[in-house]
Amino acid sequence: MKKYVAVWGAMFFCVICLSLYLMLETLNTSPGRYNDMTAESLLNFERKIDGIERDIKHNEEIIREIKGAIKEVSKDDHESMGKLQDIVGSQNKKLQENFDQLKRLRNEEVAKKEHNQNNVIEFDPINVKSGKQDKTVVERGFPVLRKPVSISQAMCSWSEEPTKKAEIQMEEVFESLPFDNPDGGAWKQGWQVTYEQNRWNAGNKLRVFVVPHSHTDPGWVKTYDRYYEDQTRHIFDNMLEKLEKYPKFRFMYAEMSFFHIWWNEISEDKRRRVKKLIEEKRFEIITGGWVMNDEANTHYFAMLDQLLEGHQWLDGTLGVKPSAGWAIDPFGHTPTMAYLLRRSGFNNMLIQRVHYAIKKYLAKNSNLEFMWRQNWDRYGNTDMFCHLMPFYSYDIPHTCGPEPATCCQFDFRRLPGSSYSCPWRQAPQEITDNNVKDRANMIIDQWKKKATLYRTNTVFIPLGDDFRYDKADEWDKQYVNYQKLFDYINSNSQLGVEAYFGTLSDYFNSIYEEKNVKPGLHPNGIPTLSGDFYTYADKDDHYWSGYFTSRPFQKNLNRVMESHLRAAEIIYSMATTLSRRQGDSKNFPASMFMEMMIEARRNLGLFQHHDGITGTAKDFVVVDYGNRLLKSLKAMKEVIKECALYLSIDDKSKYALDQADPLYDVDEQRSAHDALPEKSVISLGKIGDSTPRSVMFYNSLAYSREQVVKIYVTHPHVIVKDNEGNTIQTQVEPFWNEPGDISTEKFKVSFRVTVPALGIVRYTVTRVNDFANTQNSISSVLIFNSDDDGKIKSPPFSVEKTKGSDVTLENSHMKAMFSGSTGLLKSILTKDDDKTHDTRIEFIKYGTKVHSGDRSGAYLFLPDGPAKPYVDDNPPIVTVIQGPIVSEVHVYMDLITHVVRLYNSSGIDGVSLDMQNIVDITSTMNTEVAVRIRTDVNNKDGEFYTDLNGFQIQRRKTYEKLTLQGNVYPMPTMGFIEDEHKRFSILSANSLGFANLKTGMVDVFLDRRLNQDDSRGLGQGVIDSKQTPSRFRLLLETRSGGKYNKKQTSALPSLLGHQTSLHLIHPLYVIPSRQKHSSSFPSQTSLSPMKTELPCDVHLLNLRTMQYRDDGPQRLQPKNSAALFFHRLGVDCGFPNKGLMCKAATGEVILSGLFSDFRTDIAQQVSLTLMYEEKDIDTTELLDLEPMEISSYVVTLQ
């Protein structure tokens, strides 16, 4: 009985304390007091309610646990248990009453907010004042931006905490290097390497691993399919035959995009033999991603996704888990890749393409192997063992040692009579008993010289190149001749060398063994290094900064496809889970959509290849990539559309996929992979047709969002209603067929929508009589610099042509001033501090070097000098569109259409300027175009920041000792400059080149057209230019707290910067209905699937349905589990945030509390690519995610 009393007493004490607490809170926040609350008090009140609700949920869990515990401890004492259960039930009832009271308060709070907002958002008629001295100003009321979201003190403390400093910091290396290029002799970019003759001997041998490999590009000068048919298939066929023939031979391979095709073609017997070679460690799969991805232009979502696709295929099909990374051809290297591999369970990695001066610097100090540490790492737990190859290339002449003329003689495919030869005119010789001694001494000399550049007695000697070993005789020649050398060397111990064929893991494991440390740990004597390896130069001033911008149309298409894939993955996971619960698995085409998504994952992964997204492939290969992306983009739009319909339809049994005549349309159509998208237009019928047309909005982010959206309709007089039937304020603006020509059949309608986290809302749009809806505003239109004066009559618009002065667009946060003559932004006034900030937009252009030889091409940027202003012969036509929802300035130049928008929104789209450009340089030759923004930010010492893969921020510095092209860096998602008081950020929808050549000035490269090859193997220029869109957000922030630390090697975006970038990359998905079904739609309800939205600093990176093994009969059947990825964003707390709807930035998540309609009862924490199970997770426990880390889980969805 004492046991029962103890349990009862503890329980009763907890519940009574909670009840008293809730009563006090209720008294302190009674409705009477609530009516007089200020806006700040309202915010505090909301936070209190959130806290109480969390406490209630927590205590509900405690009560459930107490009930369970009581049942266990007193199964035989029914009388005592009955009393305890009565008490628990009574207290539970009180909890529910308190919860109901909180719910009433919440409703009153919402009503109060709506009342306040309605009092604010009453727009006055638009008054346009135009004259020589007057500025054009829009005068009206504005929506109030949402109040700031709090950031946890733990995050703010972490952000100001010093990082664990690495021994080698790349910023300091850049600072110290002269970046000169003296002739080093045989090793042109190095020096004459020597070594002590007695350094290695019979008692201290140098261990040499000669590692055969073949680098196979899935698209470059041939298409992916053609490369497979012509070469790659034969490499695999030869590999199986020759490794079985030569037991001492080894081979390693990286790209699963090719390997999976071959695997699907071969017999079960061959599959068994391949597995045997892997088990015997004679054939090693390295990295194992879908491709060897580019590391400059790629976003970390796509980098991880292609790794995930490769690893899941490998693990499921062959049971293989790679442990070594291999990146010999990406044009520069990012620490993001090191992080992804490390968190995927890898122990080590290898890289190759690094600036020749940096290679020389590291080699001089034997620092070519290092523990690569993330800049933001506070504790040193991201360190990744990395090997940097020391010489010019990864081909055989540049890998055995510092003297390529000698090394080339040991590439036995180049024996006399072969189609390959040595350019140094010293041919290889077959190894015979007569020459083996001399040839062995020759190659040993190179191996020992190379070994002096490292700190261990193990040396790595790659034996391969692009598409090598596709001919059977190469396997024979390389094996037979090298084995003769090995036999001689290994039988003569006085040479101080032992040599073998090996793999990459053999090499690394030898080092771990030599250092007496477990694989993955820090070998003694290996230094730590932080930073990245951009911008790459292979010789002289040949900086590979051109490919940051080459083929920007495809870079944009890639990012659009990427966001659609992520959105489709998430909504598909929810829809398939619900279909299982509803018993509608036959009704919902889960397998069909799964097949579409598998193909989309692989097509996106394929384009991450270092000659895909880089824009460095031949024209017809670019077309092949583009067609694959477009096919999958269309498929993902279908998946999103149909899953949204299925999730929102009330009676799931009435759902049916009708591909020929669907209920809803996609948001836009693309006629070709290189065509600009055309928006779908909602047909509103003829006069008198009052049937509402539906349009759904899907939010793929795990936070609610409020923003302005734009739909296209056939009539300007409309009424838009939300999902509750409330009439929404709208603004109609003209659709321009071309400058000066307004369409009479297509109109744009803008309005504000609010969509819950991962949610779907349905609005309706209906045609009404002319001017019947007083909440539908007709935009005013001004045209500057037109050839003629007067008005354009295009009802319902009144279009005035004028030569007026400057223009001001305004919302509650800012005023943006534009030049009346050029239409370009001049300054921004922030209303919080009433300060005007110079923010001048202009456009510039570069040519290429004029002399023969070294000129810009797909890879290289070799300009003809500083940029020249881009100015047309005649002033541009400027169109100003103004209204209560959005105001825009359009500038029409010969090569560029430039648009800046200012939204009147209480969401975060009201805090920044939206800038969009469409560049068309198809009529030019050797031209590169960039947008330049001059600000009054005093970023001292030429310091600025760009992101690495959308994952982290790297501090940069502009150096006079580098050429102009050496000061250009990749910008996948954002770049910014800052001083003690403010930060100016440009957030990009896709990757482009970025520079900060002068204080306060940022350049973003938009497009490039080059008429010649730059001698890097492509064999052509970049002349397939398209009309290319680019979209940005311009964000000006004033520092209000925190520490401005310009010495910190890494920086962090603000919370507003993070969220603005996420909104830009992951827009709301618009799903318009088709006209013929407008009157016969099934009943639909808006979807709000998240029970608890994620905190502001946690990004739902993906929710990816798991696939059965790819070569099995269930490959298209979705599992009831999904891979769940969270990224805890690192935040600079020094900048205020506004407009956010997400929860306080705490980094805290409870898996079981995420979703309303399905459970996540079973979860395992796993490595990033799901290869390794780390631990089981109690889904009811609080997960406190670490800043900057990506956390991955496999969850069962029920």
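The following is a conversation between a colleague and a modeller about a predicted model of one protein chain.

Colleague: To begin with the whole chain, how many helices and strands are there in the protein chain?

Modeller: The model is a predicted one, and the protein chain has 1198 residues, of which 63% count as buried. Its elements are divided between two kinds, and the counts are 20 helices and 52 strands.

Colleague: What share of the contacts with a separation of 6 or more comes from residues 24 or more positions apart?

Modeller: Contacts in the protein chain can be sorted by how far apart the two residues lie in sequence, taking those with a separation of 6 or more. Among these, residues 24 or more positions apart account for 76%.

Colleague: What part of the area that the protein chain exposes is supplied by carbon and sulfur atoms?

Modeller: The exposed area of the protein chain comes to about 43800 Å². Of that area, the part that carbon and sulfur atoms supply is 47%.

Colleague: Turning to helix 14, how far apart are its end C-alpha atoms, and why does that agree with the span it should have?

Modeller: Helix 14 runs over residues 436–451, which makes 16 residues. At 1.5 Å a residue the helix should span 22 Å, and the distance agrees because the end C-alpha atoms are apart by 22 Å.

Colleague: Which elements do the buried residues of helix 14 pack against?

Modeller: The buried residues of helix 14 include Val436, Arg439, Ala440, Ile443, Ile444 and Trp447, and also Lys448, Lys449 and Lys450. These buried residues have both strands and helices as packing partners. The partners are strand 3 (206–215), helix 13 (404–407), strand 10 (458–466), helix 15 (472–490) and strand 11 (497–501).

Colleague: Which residues touch the most other members of the largest nonpolar core?

Modeller: In general, nonpolar side chains tend to be buried together in soluble globular proteins. Here the largest nonpolar core has 283 residues, and helix 19 (residues 619–648) gives the most to this core, with 14 residues. The members that touch the most others are Phe259, Phe283, Trp447 and Phe1126.

Colleague: Leaving out residues up to four places away in sequence, which residues does phenylalanine 259 touch?

Modeller: Phenylalanine 259 is one of the core members that touch the most others. Once residues up to four places away in sequence are set aside, its partners are Phe236, Tyr253, Val274, Phe283, Ile285, Trp313 and Leu318.

Colleague: How many residues does the second, separate core hold?

Modeller: Apart from the largest nonpolar core, there is a second, separate one that includes Val732, Val755, Tyr763 and Ile792. The size of this second core is 30 residues.

Colleague: Is the disulfide of cysteine 400 and cysteine 407 left-handed or right-handed?

Modeller: This disulfide is one of 4 in the structure, and it joins cysteine 400 to cysteine 407 with an S to S distance of 2.0 Å. Cysteine 400 counts as buried at 3% relative accessibility, and cysteine 407 is buried at 0%. The torsion about the S-S bond is about -90°, so the disulfide is left-handed.

Colleague: How many residues apart in sequence are the parts that cysteine 408 and cysteine 422 tie together?

Modeller: Cysteine 408 and cysteine 422 form a disulfide with sulfur atoms 2.0 Å apart, and the torsion about its S-S bond is about -100°, so this link is left-handed. Both cysteine 408 and cysteine 422 lie in the loop between helix 13 and helix 14, so the separation of the tied parts in sequence is 14 residues.

Colleague: Where in the chain do cysteine 1096 and cysteine 1142 lie?

Modeller: A disulfide joins cysteine 1096 to cysteine 1142, with an S to S distance of 1.6 Å, and with 50° about the S-S bond the link is right-handed. The pair links distant parts of the chain, 46 residues apart. Cysteine 1096 is in the loop between strand 45 (1069–1072) and strand 46 (1098–1107), and cysteine 1142 is in the loop between strand 47 (1118–1128) and strand 48 (1148–1149).

Colleague: Finally, which side chain does arginine 955 join through a polar contact of 2.7 Å?

Modeller: Arginine 955 lies in strand 38 (residues 952–957). Its relative accessible area is 9%, under the 20% limit, so arginine 955 counts as buried. The side chain joined to that of arginine 955 by the polar contact of 2.7 Å is that of glutamate 171.

Terms used
Residues are numbered from 1 along each chain as its sequence is written. This is a predicted model: local features need pLDDT of at least 70, side-chain atom pairs count only at pLDDT 80 or more; totals for chains, interfaces and linings use all residues. Side-chain values use heavy atoms; hydrogens and water are left out. Helices (H or I, at least four residues) and strands (E, at least two) are DSSP runs, numbered from the N terminus. Buried means under 20% relative accessible area, exposed over 50%, partly exposed in between (1.4 Å probe, protein chains only). Contact means heavy atoms within 4.5 Å. Accessible areas come from the Shrake-Rupley method with a 1.4 Å probe; for residues, only the protein chains shown count as cover. The expected span of a helix is 1.5 Å times one less than its number of residues. A disulfide is a pair of cysteine sulfur atoms within 2.5 Å. A nonpolar core is a set of buried Ala, Val, Leu, Ile, Met, Phe, Trp, Tyr and Cys residues joined through side-chain atoms within 4.5 Å. A polar contact is a pair of N or O atoms within 3.5 Å; within protein, one must be able to donate a hydrogen and the other to accept it, and residues adjacent in sequence count only if both atoms are side-chain atoms.
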